[in-house]
Amino acid sequence: MSDHNFNNGTSPETYLCHGPFDPEVFGGVVNPPVYHASTVIFKNCNELSVRHKALFEDAEDEIMYYGRFGTPITFAVQKALAELEGGYRSLLVPTGLAACTSALLALVKSGDHILVSSSVYGPTRGFVNNVLANMGVSATFFDPTIGGGIADLFQENTTVVFTESPGSQTFDIQDIPAITKAAHARNAKVIIDNTWATPIFFKPFDHGVDVSVHAATKYIVGHSDAQMGLITANKETWPDIRRFVYLFGLHAAPDDVYLAQRGLRTMSLRLQRHQSSALKIAEWFSEREEVEQVLHPALESCPGHEIWKRDFTGSSGLFSVVLKPGYTKASVEAFIDNLKYFGIGFSWGGFESLVIPFNPRKDRPEYYWRYEGEAFRLQIGLEDPMDLMKDLEQALNNLEK
């Protein structure tokens, strides 16, 4: 395994094929087995004592102690993702939302104030407004394009800034280096939801982020068959993250962990296809007379493109389209219903293409939405993009005002 250490210059593609999982550990088998484990048997009381000390007092990782704390395949997936993203350590949790909420709970306490991007994932907003608010944690939702101007929003008790770039549905690109600089000047920690870019297209720790969270359900698992969350931390925040996850009893199920390691093997290849197909279709949409704006950060016409170009190394398969004013909600819903290859459903990152309408004015009262027309979000899957464009064209041709 040492010959394939990602931090020693091995490419992501090669590392994901060879680095995380050493066949010698599993008797020469290249695919790690699933460990369905609860009880772990110790040889004697001394071994129990040694492992207990290593896990709880010395805070060592990869200790076989009890199934909830992980097994060899859990440790391997966590190590691979931490190395890919450039963090210190990673932990797998049951869902993407659990990753977002756990990172927040690990770093805040009653009486704290936090700053949250107004384009954050909806359920994260719901958690902030309900659970954290009831715990005595106040929040200010900020303009995701504020950049260094966020310095003016800090209060004496501000401890965390929660970012998401690009923003959910609206794809606002945030100036993460400027935000982290302002936060660290006030001893606040920065969390980013990095699900869209994955550890391959954006390296949050290179830009000053303290904790990165993912819905690993999306591109990491990548096959729409398992839910998983990922928390990666820098060395300073790792003890707090680790302590909370262990004490809260969060545990990623063994079969889901296995599916995540399978997804890792092909993540880079899948992302290349998602990226190329989505760009083709986004460019095609930008030429349609029905369209006001395509919200895809890799397009020069998209707000925030210059920051995306500076900080990111690629784009994934998710973007939004805003239609020109005049098309009714019913007409747009009929357009979506007429699509043959796009399912109507939540989540994304799998092999299948998806579409869903959205209205940011509905759930984001402080968010400035400059467009008047109807909008929808597209997940471009692994189908032939020509087939997808033909499908979109036939549905658009029947779009009525």
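Visitor: Which residues line the largest cavity?

Guide: Tyr35, His36, Ala37, Gly67, Thr71, Thr74, His251, Ala252 and Pro254 line the largest cavity. The model is predicted, and the values here are computed from it. The volume of the largest cavity is about 50 Å³.

Visitor: What makes this space a cavity?

Guide: A cavity is a set of points where a 1.4 Å probe fits but cannot get out. Rolling a probe the size of a water molecule over the atoms shows where empty space is left. With a cut-off of 30 Å³ or more, the count is 1 cavity.

Visitor: How do the residues of its lining divide into nonpolar, polar and charged?

Guide: There are 4 nonpolar, 5 polar and no charged residues in the lining of the largest cavity. Tyr, Ala and Pro count as nonpolar, so Tyr35, Ala37, Ala252 and Pro254 go into that group. Gly is counted as polar, so Gly67 goes with the polar residues of the lining.

Visitor: What makes the largest pocket a pocket and not a cavity?

Guide: A pocket is an open set of points, whereas from a cavity the probe cannot get out. The largest pocket holds about 1,100 Å³ of space. It has 46 lining residues, and Ser168, Gln169, Phe346, Phe358 and Arg377 are the closest to its centre.

Visitor: Which elements give two or more residues to the lining of the largest pocket?

Guide: They are the helices and strands α4 (96-107), α5 (122-134), β6 (211-215), α8 (217-221), α12 (329-337), β11 (353-358), α13 (360-363) and β12 (375-379). With 4 residues, α13 gives the most to this lining. By kind, the lining of the largest pocket has 19 nonpolar, 14 polar and 13 charged residues.

Visitor: Why is α4 called oblique to α5?

Guide: Their axes are 10 Å apart and the two helices pack at an angle of about 40°. Angles under 35 degrees would count as roughly parallel, and roughly perpendicular begins at 65. The angle of α4 and α5 falls between these cut-offs, so α4 is oblique to α5. The crossing in which α4 passes α5 is right-handed.

Visitor: What is α4 called in relation to α9, oblique or roughly perpendicular?

Guide: The axes of α4 and α9 (residues 238-248) come within 9 Å and cross at roughly 115°. The range for roughly perpendicular runs from 65 to 115, so α4 counts as roughly perpendicular to α9. This crossing of α4 and α9 is right-handed too.

Visitor: Why is Leu392 called buried?

Guide: Buried means under 20% relative accessible area. Leu392 is at 0%, so it counts as buried. The residue is part of helix α14 (residues 385-396). Its C-alpha atom is separated by 38 Å from that of Val211, 181 residues apart along the chain.

Visitor: How do you know that Phe142 and Leu354 are buried?

Guide: The cut-off is under 20% here as well. Phe142, in strand β3 (residues 138-142), has a relative accessible area of 1% and is therefore buried. Leu354, in strand β11, has 10% and is therefore buried. Between the C-alpha atoms of Phe142 and Asp210, 68 residues apart along the chain, there are 19 Å. Between those of Leu354 and Arg364, 10 residues apart, there are 23 Å.

Visitor: What is Glu62 by relative accessibility, partly exposed or buried?

Guide: The value for Glu62 is 49%, so this residue counts as partly exposed. Exposed would need over 50%. Glu62 sits in the loop between α2 (45-57) and α3 (72-85).

Visitor: Why is Asn187 called exposed?

Guide: Its relative accessible area is 69%, which is over 50%, so Asn187 is exposed. Asn187 belongs to the loop between α6 and β5 (189-193).

Visitor: What makes the phi of Glu62 and of Asn187 worth a remark?

Guide: Most residues other than glycine have a negative phi. Glu62 is not a glycine, yet its phi is positive, about 60°. Asn187 is not a glycine either, and has a positive phi of about 60°.

Visitor: Which peptide bond is cis?

Guide: The bond from Ser165 to Pro166 is cis, with omega near -5°. Most peptide bonds are trans. Pro166 lies in the loop between β4 (158-164) and α6 (176-184).

Definitions and conventions:
Residues are numbered from 1 along each chain as its sequence is written. This is a predicted model: local features need pLDDT of at least 70, side-chain atom pairs count only at pLDDT 80 or more; totals for chains, interfaces and linings use all residues. Side-chain values use heavy atoms; hydrogens and water are left out. Buried means under 20% relative accessible area, exposed over 50%, partly exposed in between (1.4 Å probe, protein chains only). On a 1 Å grid over the protein atoms alone, a cavity is a set of points where a 1.4 Å probe fits but cannot get out, and a pocket is an open set with protein on both sides within 12 Å along at least five of seven lines; lining residues have an atom within 4 Å of a point. Grid points are joined across faces, edges and corners, and a volume is the space filled by probe spheres set on the points. Axes are lines fitted to C-alpha atoms, for helices over the stretch in contact, and angles run from 0 to 180 degrees between N-to-C directions. Angles under 35 degrees count as roughly parallel, over 145 as roughly antiparallel, 65 to 115 as roughly perpendicular and the rest as oblique. A crossing is left-handed if the near helix is turned anticlockwise from the far one by less than a right angle, and right-handed if clockwise.
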